[in-house]
Amino acid sequence: MAYVVEEAELDALQEPWRHLLARSQADCVFCTPEWARVCRDELTAGAQLHLLAVRRDGELVAVAPLALRGETVPFWGAPNVCDFMDVVVARGHERSAYDALAAYAERLPWRTMRLQGLRAESPALDGLEAACAARGWRVERVPEDVAPILELPRDWETYVESLSKKDRHELRRKLRRLGAAGQVSFFASNPHVLDQDLQEFFRMMGDSRADKARFLTPERRRFFHAMAAAMQRAGHLRLFFLTLDGRRVSATLCFDYGNAYSLYNSGYDPALAHLSVGLLVKALCIKDAIEKGRARFEFLRGAEAYKYDLGARDRPVYTAVVSRGGT
């Protein structure tokens, strides 16, 4: 049976897209229709959008949210706010689906595809190479970043014991020192006060590092508000705060999706840096994930040292660059 590609509307595709995710290696929060909607509304100004649905005998087997900017085709998202991006393809349909998408792409006036945010396990890397080679297009797999990941054990003590001797000692010492400094509390934001809590999060995020303060432009704050509201409605948002004597001293914005916590961003009060509140709020997120029975903790993009201090191992992220030549 032939694979058919059609331009689709996000509203009509939302439910089948969710079902497709469960059958795909691309199943992550950044590949959900909820995330795609926020990207469409906040990140695609000036682009021509193509939401491509691949069907086989009427069954949805792939979704590709692509844009056309001049002569370049990226995904809908942007790598500075979308850690992973991908085509969502049902297992077992990868080769045929990518071939069908490449055949459809021949009609569009592009010279280069620049598909960022592909995890090492993404079928897109091999699928694109095969489909494009058949058309004489060149595909380059470019290392883009790393996204460290931590496999979680059944309990907190087993996790702590799994760390190196130095890191284990340091984590326990820092937790004791924080506990001796006052009354410590760790809690998730109340969904009814999300906007207020996001303002607190932005404050600590901007105070913690100069580059994060520069990152928080009005446009990115708007994206964060829209994204957090969408993720909360979908049940995936976890905004955590660490307090000392009732004062909020650090925060993390995480996603709870697919049997994993994903640490999206964080901030802390630099006046309490000597108590390691920035590191410890992340350690307590790991503890919460373990207690909730999650299998993984994803630190997402970036090779910051604290991720390895907490036991993470690298996972590469790639950009697939497809060069077509003349159109």
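# A guided tour of selected helices and loops

Begin by selecting Q14 and R37, whose side chains are joined by a polar contact of 2.8 Å. The coordinates on screen belong to a predicted model. Q14 is found in helix α1. With a relative accessible area of 18%, Q14 is buried, given that the category covers values under 20%. Once neighbours within four places in sequence are set aside, the residues in contact with Q14 are P33 and R37.

**Helix α2**

Next, select residues 33-43, which form helix α2. P33, already met as a contact of Q14, is one of the buried residues of this helix. The others to highlight are E34, W35, A36, V38 and C39. Now display what lies over these buried positions: the cover includes helices α1 (10-21) and α9 (218-233). Strands β11 (247-257) and β12 (260-268) are also among the elements that cover them.

**Helices α7 and α9**

Keep α9 displayed and add helix α7, residues 194-208. The axes of α7 and α9 come within 11 Å and cross at roughly 135°. The two helices are therefore oblique to each other. The crossing in which α7 passes α9 is right-handed.

To see the contact itself, show the side chains of L194, D195, L198, Q199, F201, F202 and M205 on α7. On α9, they meet R221, F224, H225, A228, A229 and Q232. Colouring this contact by residue class gives 8 nonpolar, 3 polar and 2 charged residues. The spacing of such positions has a general background: an α-helix has 3.6 residues a turn, so residues three or four places apart point the same way.

**Helices α6 and α10**

Move to helix α6, residues 165-181, and to α10, residues 277-291. Their axes come within 11 Å and cross at roughly 105°. The pair is therefore roughly perpendicular, since angles from 65 to 115 degrees fall in that class. Select L171, K174, L175 and L178 of α6, together with V277, L279, L280 and A283 of α10; these residues make the contact. By class, this contact has 7 nonpolar residues, 1 charged residue and no polar ones.

Remain on α6 and select R172, which is found in this helix. R172 is partly exposed, with a relative accessible area of 30%. Beyond its neighbours within four places in sequence, R172 is in contact with E157, V160 and E161. Of particular interest to the viewer is the pair R172 and E161, whose side chains make a polar contact of 2.9 Å. For a distance across the model, draw a line from the C-alpha atom of R172 to that of P123: the two are separated by 40 Å and lie 49 residues apart along the chain.

**Two loop residues with positive phi**

The last stops concern backbone geometry. Most residues other than glycine have a negative phi. Select S276, in the loop between β12 and α10. S276 is not a glycine, although its phi is positive, at about 55°. Its relative accessibility is 12%, so S276 counts as buried.

Finally, select D57, in the loop between β2 (48-56) and β3 (59-68). The phi of D57 is likewise positive, near 55°, in a residue other than glycine. Is D57 buried or exposed? At 59% relative accessibility, D57 counts as exposed, whereas S276 counts as buried.

Conventions: Residues are numbered from 1 along each chain as its sequence is written. This is a predicted model: local features need pLDDT of at least 70, side-chain atom pairs count only at pLDDT 80 or more; totals for chains, interfaces and linings use all residues. Side-chain values use heavy atoms; hydrogens and water are left out. Buried means under 20% relative accessible area, exposed over 50%, partly exposed in between (1.4 Å probe, protein chains only). Helices (H or I, at least four residues) and strands (E, at least two) are DSSP runs, numbered from the N terminus. Contact means heavy atoms within 4.5 Å. Axes are lines fitted to C-alpha atoms, for helices over the stretch in contact, and angles run from 0 to 180 degrees between N-to-C directions. Angles under 35 degrees count as roughly parallel, over 145 as roughly antiparallel, 65 to 115 as roughly perpendicular and the rest as oblique. A crossing is left-handed if the near helix is turned anticlockwise from the far one by less than a right angle, and right-handed if clockwise. Ala, Val, Leu, Ile, Met, Phe, Trp, Tyr, Cys and Pro count as nonpolar, Asp, Glu, Lys and Arg as charged, and the others, Gly among them, as polar. A polar contact is a pair of N or O atoms within 3.5 Å; within protein, one must be able to donate a hydrogen and the other to accept it, and residues adjacent in sequence count only if both atoms are side-chain atoms.
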